[in-house]
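Colleague: Before I rely on any of the labels attached to this model, I would like to hear how each of them was reached.
Modeller: Then let us have the model in front of us and take the labels one at a time.

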Protein chains: 2
Amino acid sequence: MHSTLDRLNALIREVVDLRHAADLLEWDERVCMPSGGAPTHGEMLSTVRKLAHEQFTAAEVGRLLDAAAREVASADLDADHTRLVAVTARDYRKATQVPAAFVAEQAEAVSAAQHAWGAARAKNDFASFRPHLERVIALKRQYINFFPPADHPYDVLLDDFEPGMKTAEVKVILDELRTGQVELLRAIASRPQIDDACLRVTYAEADLYKFAVEVITKFGFDWERGRQDKSTHPFATAIGSNDVRITTRFMERYPFSLLFGTMHETGHALYDQGVSRAHHRTQLEGGASLGVHESQSRLWENLVGRSRPFWEYFYPALQERFPAQLRGVTLNHFYRAINKVQPSLIRVEADEATYNLHVMMRVELEIALVEGKLDVSGLPAAWNNLMEEYLGVRPPDDTTGVLQDIHWSAGLLGYFATYTLGNLISAQLWERFGAVYPERDAAIRCGDFSTLLSWLRSEVHQYGRKYQPQELVQRAAGSKIDPGPYLRYLRGKCGEIYGIGWKA
Amino acid sequence: MHSTLDRLNALIREVVDLRHAADLLEWDERVCMPSGGAPTHGEMLSTVRKLAHEQFTAAEVGRLLDAAAREVASADLDADHTRLVAVTARDYRKATQVPAAFVAEQAEAVSAAQHAWGAARAKNDFASFRPHLERVIALKRQYINFFPPADHPYDVLLDDFEPGMKTAEVKVILDELRTGQVELLRAIASRPQIDDACLRVTYAEADLYKFAVEVITKFGFDWERGRQDKSTHPFATAIGSNDVRITTRFMERYPFSLLFGTMHETGHALYDQGVSRAHHRTQLEGGASLGVHESQSRLWENLVGRSRPFWEYFYPALQERFPAQLRGVTLNHFYRAINKVQPSLIRVEADEATYNLHVMMRVELEIALVEGKLDVSGLPAAWNNLMEEYLGVRPPDDTTGVLQDIHWSAGLLGYFATYTLGNLISAQLWERFGAVYPERDAAIRCGDFSTLLSWLRSEVHQYGRKYQPQELVQRAAGSKIDPGPYLRYLRGKCGEIYGIGWKA
């Protein structure tokens, strides 16, 4: 058996090497590249990605996969190599299902749509973007048809980001979540609002950067296998698990986004750094899904980084670093400020209690677009109505409304849901970890994050792509993806901060 | 005709893209990579280089080249596409002449030799390095035999770095140069020595860095198509001509090496940035040879950067930036200090009047090793004897003697000569530019480097690899590579500085 798998692995290793190279080239483009290098970078990146795709979809890979599947048919279903063959075969099927000509057509359409979106957003001109979005949606419908019929056409899109996840499952989850979050928001709106002026004064970027570095070093970010840079939009990228890079940015208007953004990207990075060496240079490298990845970033950013125990440990150091800004600001005052809930127009600026509502309305609109129940022409009005219904605010224009996100212009339908699934999973893991390790909060209060990291490593990180999200969450948290823990977490935290009593 | 060339170009473009990617990966390894990423980077780099080699040496490329050669046989011999076919065919022949198994064996030997060299150098233990170097030399002899017999076996090695250059030509050039430089050195030794203490005090790295950036911006370094970083060893790398990156370093012991090193790397970068767009993504991208490349770096570092007119323009700004260090140091004093001649043991620290002597003895030793007239066992003694003969200094140990350079352990035989050829070409170009543009020095005295850069662009840079070094130098400077101008330059400059009278 080993010779088949060995030959397969040898082929895949080169594919992974090429993907690593492409990922690093993309990092360079966003962090280092001088502007004049853009055309050259575009050329080399497209050649490297093309070769990676060609080598992965080669007929020889297909033959070896068939042979390997027969050979592992009687083996332990949970053994690494059994899973490896299954995951690789699944990836191979998906990669070979879509004709190259379609991929090229879609790439061209998406490139034009992104340009159009940028211009439309700047001029608050949805009409000029509309035909591009219509083409993107039409191509997505065509894309869906390349795959075997699913329970719901949207399943195909979801599957690209959240393998195995069904539209029906997502709908049930979001329905329960929406009811709970809207109810919570209404309760908060009736309470006195929080004064967060202490976050809006001037903070020196370099000092906040240093503070953030101290925090993520404590979290366990491995600087021998990673680095941090600045970029326009923060992101994390992994060249395998031994070179994991995060970026951050500074915004004068909201200086603390540097800190929370750094914790967020570190959550992604810790996941990538924690994947088992056994999966190195195989299709099991990387994270189980975007949702599971997001669960890690949100866990460190919010469950840890916006928690009271965290700040009981770190606030004295912060106050010492910023004596002028934080003089007279108590720990409690600061804690309430960074957890202030306020419905707003922009998703990426939303707090923990409103973020999912932004996501949910996008998911609903996407499904309606794919089902054909909504036309692109009706999108702005539908957007504004849902904003008002869920968040109680109405965008004054499309720039701060339907045109705010790049995703649709980039052809990313089925993606938004992963943000919320990530939030839900983060609370499930958090609750479970608290159950198996009752000293959870006490340890964080002492600046000890090592038990948490070890637990995440053993329950989530090490597996890479071995398990699909639902199976992984079931194993780690004891149930499938479930909005219960997140709602409990939010009600507990906001209830305490805003003085709201909740029935159990 | 065009369809053959078009098909050939399409294949080559992907090869160039892969080389660009590999070059950028190497840059990243030296500038950005966290240490733990080394194995992953090694894997992806080797895969990308391997694919580039496989695609370039594919039989299809050979067939298209044969067809293209027939088609351009009657075309203008100097047309870009005629030259492109000829250069590509030459590169193809060289790339396909050496069996892959040998390349792998050599790579393995060289990797072991480099490790052994590092350890031997640290412990002053030539004996432990000796068997490795013997293996490298034996493999070089084998390598030579893969090629058609040349006038001299060393021609084959030279040709890898200085296309078309013959050992016989190099010997004639170096003989004349040696006589002149040794004579000059003796004359200088009899004169009062220069006090360069003003260069040895403390200078803040950040201030020198800023000053160097001002200088190279004036030179014409295009920041839209380039960047500068720090690295252990300074280098320049070009991802095509639109993304050209240089690095620098700071040494407390000799702070000004940051400035001169930056000017040196900028010389390389200006060449790369100046290659015609027509050669982009073809085998004509890049420089004509290492020697011609070095002529550009040395021209900007020395002919410009250590000249009196240059400092007449820049010294006031330097003095203003470093008032404490340069108080009371006159322009003349500073100019003499940065041009101080002093025979020393280490090549990379040598001045303009001794540098070539370091190179020449290495070239002589290499030729003797390849001819079999010298054994590796006799190398340290031969080294020390030549040091004494040419430079009048004798290394106290092999660490500061025969073990100082990495080149031989890296399998780079035939490389050293290019440093001196570069110096010679730089003086030829400089003399010629002065003849066609008599205001040369006056312009530099005013901080105007644009005419110089334009002239180099039109005479050298734009052509990329279209011409071989001797042809390029003949066209640009009016004669083949010739030590005359460099000796005239040195005698003039050192004669003035040291008060030595020279016969015309």
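What follows is a conversation about the reasoning behind some labels given to this predicted model.

Colleague: How do you know that the dimensions of chain A agree with those of a compact globule?
Modeller: The rule for a compact globule is 2.2 Å times the number of residues to the power 0.38, and for 504 residues this leads to a radius of gyration near 23 Å; chain A has 23 Å, so the two agree. Along its principal axes, the C-alpha trace of chain A extends over about 70 × 50 × 50 Å.

Colleague: And what is chain A made of, in terms of helices, strands and buried residues?
Modeller: Chain A contains 21 helices and three strands, and 57% of its 504 residues are buried. Of the contacts between residues at least 6 apart in sequence, 73% join residues at least 24 apart. The accessible surface of chain A is about 19,800 Å², with 53% of it belonging to carbon and sulfur atoms, while the mean positions of its 57 positive and 66 negative charges lie 2 Å apart.

Colleague: Why is Ser295(A) called buried?
Modeller: The label requires a relative accessible area under 20%, and Ser295(A) has 0%, so it is buried. Ser295(A) sits in helix H11 of chain A, where its contacts, leaving aside neighbours within four places in sequence, are Gly422(A), Ile425(A), Ser426(A) and Leu429(A).

Colleague: What makes the approach of the Ser295(A) side chain to the backbone oxygen of Val292(A) a polar contact?
Modeller: A polar contact needs a pair of N or O atoms within 3.5 Å, one able to donate a hydrogen and the other to accept it; a polar atom of the Ser295(A) side chain lies 2.5 Å from the backbone oxygen of Val292(A), so the distance falls within that cut-off.

Colleague: Why is Lys340(B) called buried?
Modeller: Its relative accessible area is 18%, and the label applies under 20%, so Lys340(B) counts as buried. Lys340(B) belongs to the loop between helix H14 (331-338) and helix H15 (355-371) of chain B. Its side chain reaches the backbone oxygen of Ile194(B) at 3.0 Å, and its contacts, apart from neighbours within four places in sequence, are Ile194(B), Asp196(B), Asp351(B) and Tyr498(B).

Colleague: Which label does Leu374(B) receive, and why?
Modeller: Leu374(B) has 15% relative accessibility, and with the limit for buried set at under 20%, it therefore counts as buried. Leu374(B) is in the loop between H15 and helix H16 (379-391) of chain B, and beyond residues up to four places away in sequence it touches Leu365(B), Ala368(B), Leu369(B), Leu379(B) and Ala382(B).

Colleague: Why is Thr232(B) called exposed?
Modeller: Exposed means over 50%, and Thr232(B), at 61% relative accessibility, therefore receives that label. Thr232(B) is placed in the loop between strand S1 (226-230) and strand S2 (236-238) of chain B.

Colleague: What is notable about phi in Asn124(A) and Arg281(A)?
Modeller: Most residues other than glycine have a negative phi. Asn124(A), which is not a glycine, has a positive phi of about 50 degrees, and Arg281(A), also a residue other than glycine, has a positive phi near 65 degrees. Asn124(A) lies in the loop between helix H5 (100-123) and helix H6 (126-145) of chain A, whereas Arg281(A) lies in the loop between helix H10 (257-273) and helix H11 (290-304) of chain A.

Colleague: Are these residues buried, partly exposed or exposed, and how do you know?
Modeller: Partly exposed covers the values between the 20% and 50% limits, so Asn124(A), with a relative accessible area of 36%, is partly exposed. Arg281(A) has 16%, which is under 20%, and is therefore buried.

Colleague: Why is Gly286(A) called partly exposed?
Modeller: Its relative accessible area is 24%, which is not under 20% and not over 50%, so Gly286(A) is partly exposed. Gly286(A) is in the loop between H10 and H11 of chain A, where, not counting residues up to four places away in sequence, it touches Asp272(A), Val275(A), Gly464(A) and Arg465(A). From C-alpha to C-alpha, Gly286(A) is 9.6 Å from Gly274(A), a residue twelve places away in sequence.

Technical notes
Residues are numbered from 1 along each chain as its sequence is written. Chains are lettered from A and ligands numbered from 1 in the order in which they are written. This is a predicted model: local features need pLDDT of at least 70, side-chain atom pairs count only at pLDDT 80 or more; totals for chains, interfaces and linings use all residues. Side-chain values use heavy atoms; hydrogens and water are left out. Helices (H or I, at least four residues) and strands (E, at least two) are DSSP runs, numbered from the N terminus. Buried means under 20% relative accessible area, exposed over 50%, partly exposed in between (1.4 Å probe, protein chains only). Contact means heavy atoms within 4.5 Å. Accessible areas come from the Shrake-Rupley method with a 1.4 Å probe; for residues, only the protein chains shown count as cover. Lys and Arg count as positive and Asp and Glu as negative; His and the chain ends are not counted. The place of a charge is taken as NZ of Lys, CZ of Arg, CG of Asp or CD of Glu.
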